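Work through the exercises below with the sequence and the 3D structure in view. Try each task before reading its solution.

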Amino acid sequence: MLGPTLLRALRTLRPPTLVGAAPVQPVPLSASCRLSQVWRTSPVRSLQLCSGLCAGHNKWSKVKNIKGPKDEARGKMFMKFGMLIRIAVKEGGSNPDLNINLAHLLEQCRSKNMPKASIDAAVKSAEKAKPASQHMFEARGPGGCMLLIEVLTDNNSRTHQEIRRLLNKNGGMLSDGARHNFNRRGVVVVPAQSVSVETALEMAIEAGAEDVQETEDEEEKLQLKFICAMSDLNKVRGSLEGLGLQITSAGLEFVPRNHSSLDQEQMEAASTLIEVLTDCPD
């Protein structure tokens with residue numbers, strides 16, 4: 001009874017119809033292949049993949065390729081602030097009320113979301129740090145760009161050799177006279193989204209600033225720098241706050257007198273040189 005029953009079941013099966021395909025002629029089944037054909041037409045479980053199975057891999061990829069570099073840049077920025085705090089404490093003491101430069105630096109640290117514990121630790125370590133000397137190296141980078149390199153070190157010979165090595169390895173060299181291409185000025189920084197450049201120029205005149213420059217911060221966000229005399233820094237800052245601007249930071253910087261143009265290759269080489277210099281512990 002098994003043979004005729006299987007034969008009737010197989011005859012009722014029809015292959016899927018294909019558009020534009022020639023009709024399929026039925027082929028008589030021999031007795032020897034009846035059993036194997038039944039197994040071929042039996043249901044088969046399929047393996048399906050969904051996005052949830054790859055969630056762990058995607059998460060790790062985001063951490064590695066996006067969050068990792070951001071955290072590294074954030075750590076470098078905090079390390080730089082720590083050195084600047086150490087220099088400010090060395091010059092004017094650890095009391096922000098009596099040290100204007102330190103007060104501005106602490107405000108910048110808070111605006112960059114530097115943890116309060118890290119700020120306090122930087123101030124305390126600056127007080128207890130062994131004596132160190134501050135130096136400035138003048139250098140020329142790729143494409144003839146001028147560089148001022150500020151260092152704080154307890155070993156002048158070691159730092160001098162390290163700076164020279166980094167410059168020579170990355171297309172730069174020590175060069176006297178670069179200092180004359182910069183002026184020490186007060187700089188008040190505000191987000192570029194809060195005001196247009198034209199309006200900022202009008203505000204600069206009203207506040208007593210000398211110039212306004214559009215630049216980018218470490219996160220490539222546009223910002224406006226109000227340039228003024230060092231003695232007018234607090235005055236310009238107060239005037240800009242009175243005009244309704246949100247102050248990101250305020251402090252003393254070296255502002256270039258002249259700008260030079262670099263092509264793409266020179267710009268990349270200069271950026272690499274600045275990165276390796278920034279990574280130097282001193």
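## Exercise 1: Two cysteines

Task: classify C145 as buried, partly exposed or exposed, and do likewise for C228.

Solution. C145 has a relative accessibility of 12% and therefore counts as buried. The cut-offs are these: buried means under 20% relative accessible area, exposed over 50%, and partly exposed in between (1.4 Å probe, protein chains only). C228 is buried as well, with a relative accessible area of 0%. Next come the disulfides, where a disulfide is a pair of cysteine sulfur atoms within 2.5 Å. By this rule the count is zero.

The structure is a predicted model, in which local features need pLDDT of at least 70 and side-chain atom pairs count only at pLDDT 80 or more, while totals for chains, interfaces and linings use all residues. Residues are numbered from 1 along each chain as its sequence is written, and side-chain values use heavy atoms, with hydrogens and water left out.

## Exercise 2: The chain as a whole

Task: state how many helices and strands the chain has, and where the mean pLDDT of an element is lowest and highest.

Solution. Helices (H or I, at least four residues) and strands (E, at least two) are DSSP runs, numbered from the N terminus. On this basis the chain has nine helices and seven strands. Of its 282 residues, 28% are buried.

The confidence comes next: pLDDT is the predictor's confidence in each residue, from 0 to 100. Its average over the chain is 79, and 76% of the residues score at least 70. Among the elements, helix 2 (residues 34-40) has the lowest mean, 47, and strand 3 (residues 173-174) the highest, 94. Over residues 31-39 the pLDDT is below 50, and this stretch has seven contacts in the model beyond near neighbours in sequence. Contact means heavy atoms within 4.5 Å. Of the contacts in the chain with a separation of 6 or more, 67% are between residues 24 or more positions apart.

## Exercise 3: A hairpin

Task: describe how strand 1 and strand 2 are joined.

Solution. Two strands pair if DSSP finds at least two bridges between them. Strand 1 (residues 133-140) and strand 2 (residues 146-153) run antiparallel and are joined by eight bridges. One bridge partner to look up is M146 in strand 2, which pairs with R140. The two strands form a hairpin with five residues between them, and G143 in the turn has a positive phi of about 75°.

## Exercise 4: The two sides of helix 8

Task: find which residues of helix 8 are buried and which are exposed on the other side.

Solution. Helix 8 covers residues 233-242, and its buried residues are L233, V236, R237 and L240. These residues lie on the same side of helix 8, because they cover an arc of only 100° around the axis. The arc is that of the directions from the helix axis to the C-beta atoms. On the other side, K235 and G242 are exposed.

The buried residues pack against helix 4 (100-111), strand 4 (182-191), helix 7 (197-207), strand 6 (222-228) and strand 7 (249-256). After helix 8 comes G244, with a positive phi near 95°.

## Exercise 5: Salt bridges

Task: for the salt bridges D120 to K116, E253 to K225 and R237 to E241, give the N to O distance and the place of each residue.

Solution. A salt bridge is a side-chain nitrogen of Lys or Arg within 4 Å of a carboxyl oxygen of Asp or Glu. The whole structure has seven of them.

- D120 and K116 meet at 3.0 Å. Both lie in helix 5 (residues 116-128), four residues apart, about one turn of the helix. D120 is partly exposed at 32%, whereas K116 is exposed at 61%.
- E253 and K225 have their closest N and O atoms 3.2 Å apart. This pair links distant parts of the chain, with E253 in strand 7 and K225 in strand 6, 28 residues apart. E253 is partly exposed at 29%, and K225 is buried at 17%.
- R237 and E241 meet at 3.4 Å. They are four residues apart in helix 8, so about one helical turn separates them. R237 is buried at 14%, and E241 is partly exposed at 40%.

Last step: E107 joins R237 and E241 in a network of salt bridges.
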